[in-house]
Amino acid sequence: MITATDPLAAEPAPLTGIAEWATDLMDTLGAPGAGLAVALENLFPPLPSEIILPLAGFAASQGEMSLWSAIFWTTLGSVVGALALYYLGALLGRDRTRALAARIPLVKLADVDRTEAWFLRHGVKTVFLGRMIPIFRSLISIPAGIERMRLRTFLACTALGSLIWNTVFVLAGYLLGENWHLVEEYAGLFQKVVIVAVVVVVGWFVVARLTRRDRVRSRHRM
């Protein structure tokens, strides 16, 4: 049974929450359980891979699965989860996306057109690098499906990006052993930086759009 080490306690602290759930999956299914947990993490982003992957590495260090099987199954789980979101985007489609975007305050169809053009130019790099950025790891599959990126290309970029991300976190858990939870702490800082960056960008967009709208209204009043 996998446990987390509490530096102030003589005995390992029992796992709770998501860590306990992921551990139960791995105890029951082995490496495929880690893959299933990662696949679900893609579909439900509140399930953090920053916990699941180091746990899989720790399980490998305890001999509950091999290191290579942990990396293989978690990467396969990433691809399966991303593929489900890709088809969700394809089902949503370009026309429905534009119709939904048109109803969002401050968003114009010209913004959608620019985003679409940008994705068509940089989609391959975006999907590959997006697999290594918290929050965007899951969401990037949806626009890829909406734009009907070639499935073979999508799978290759997703598999390679996921392999790099998963290997780093699984290896970290493997090498840290009972201190695997330290990975989550450092990854949490990275995720906070990403969240702050997203908030800043969204805030800048809203302020810029409101300022532009006020200027247009002022001109019409003259």
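Biologist: Are Tyr 86 and Phe 154 buried or exposed?

Modeller: Keep in mind that this is a predicted model. A residue counts as buried when its relative accessible area is under 20%. Tyr 86 has a relative accessible area of 5%. Tyr 86 and Phe 154 have the status of buried.

Biologist: How are the planes of Tyr 86 and Tyr 87 arranged as an aromatic pair?

Modeller: The structure holds four aromatic pairs. In the one formed by Tyr 86 and Tyr 87, the ring centres are 5.5 Å apart and the planes stand at 85 degrees. Planes over 60 degrees apart fall into one class, so the Tyr 86 and Tyr 87 pair is edge-to-face.

Biologist: And which class fits the aromatic pair of Tyr 86 and Phe 154?

Modeller: This pair links distant parts of the chain, with Tyr 86 in helix H4 and Phe 154 in helix H8, 68 residues apart. Their rings lie 4.7 Å centre to centre, with 35 degrees between the planes. Stacked needs under 30 degrees and edge-to-face needs over 60, so the pair of Tyr 86 and Phe 154 is tilted.

Biologist: Which residues do ring pairs link into a cluster with Tyr 86?

Modeller: Tyr 86 pairs with Tyr 87, and Tyr 86 also pairs with Phe 154. The ring pairs therefore join Tyr 86 in a cluster with Tyr 87 and Phe 154.

Biologist: Which helix gives the most to the largest nonpolar core?

Modeller: That core has 26 residues, and Met 26, Leu 53, Leu 55, Met 65, Val 170 and Trp 180 have the most contacts inside it. At least two residues each come from H1, H2, H3, H4 and H8. The helix that gives the most, with eight residues, is H3.

Biologist: How many residues are in the second, separate core?

Modeller: Tyr 86 and Phe 154 turn up again here, and Phe 119 and Ile 140 are also included. The size of this second core is nine residues.

Biologist: What is the relative accessible area of Thr 74?

Modeller: Thr 74 has its place in helix H4. Beyond its neighbours up to four places away in sequence, Thr 74 touches Ala 34, Gly 35, Val 38, Leu 53, Ala 56, Asn 166 and Val 170. Thr 74 is buried, and its relative accessible area is 0%.

Biologist: How far apart are the end C-alpha atoms of H2?

Modeller: H2 has 13 residues, and at 1.5 Å a residue they should span 18 Å. The model agrees with that expectation, because the end C-alpha atoms of H2 are separated by 19 Å.

Biologist: Where does UniProt place the feature "transmembrane region"?

Modeller: The positions come from an unreviewed UniProt entry. In the model, residues 67-88 are 100% helix, with end C-alpha atoms 32 Å apart. Residues 154-177 are 96% helix, and their end C-alpha atoms lie 34 Å apart. UniProt lists the feature at residues 67-88, 154-177 and 189-211.

Biologist: In which helix is confidence lowest?

Modeller: The mean pLDDT of the protein is 77, and 70% of its residues reach 70 or more. Confidence is highest in H8, at a mean of 92. Where pLDDT is low, the predicted coordinates should not be read in detail. Confidence is lowest, at a mean of 63, in helix H9.

How values were computed. Residues numbered from 1 in each chain as written. Predicted model: local features only at pLDDT ≥ 70, side-chain atom pairs only at ≥ 80, totals over all residues. Heavy atoms only, no water. Core = buried A, V, L, I, M, F, W, Y, C linked by side-chain atoms within 4.5 Å. Buried < 20%, exposed > 50% of the residue type's maximum accessible area, 1.4 Å probe, protein only. Helix = DSSP H or I, 4+ residues; strand = E, 2+ residues; numbered from the N terminus. UniProt positions renumbered as here; feature names shortened; annotations may be inferred. Phe/Tyr/Trp six-rings, centres within 6.5 Å; stacked < 30°, edge-to-face > 60°. Expected span 1.5 Å × (residues − 1). pLDDT = per-residue confidence, 0-100. Contact = heavy atoms within 4.5 Å.
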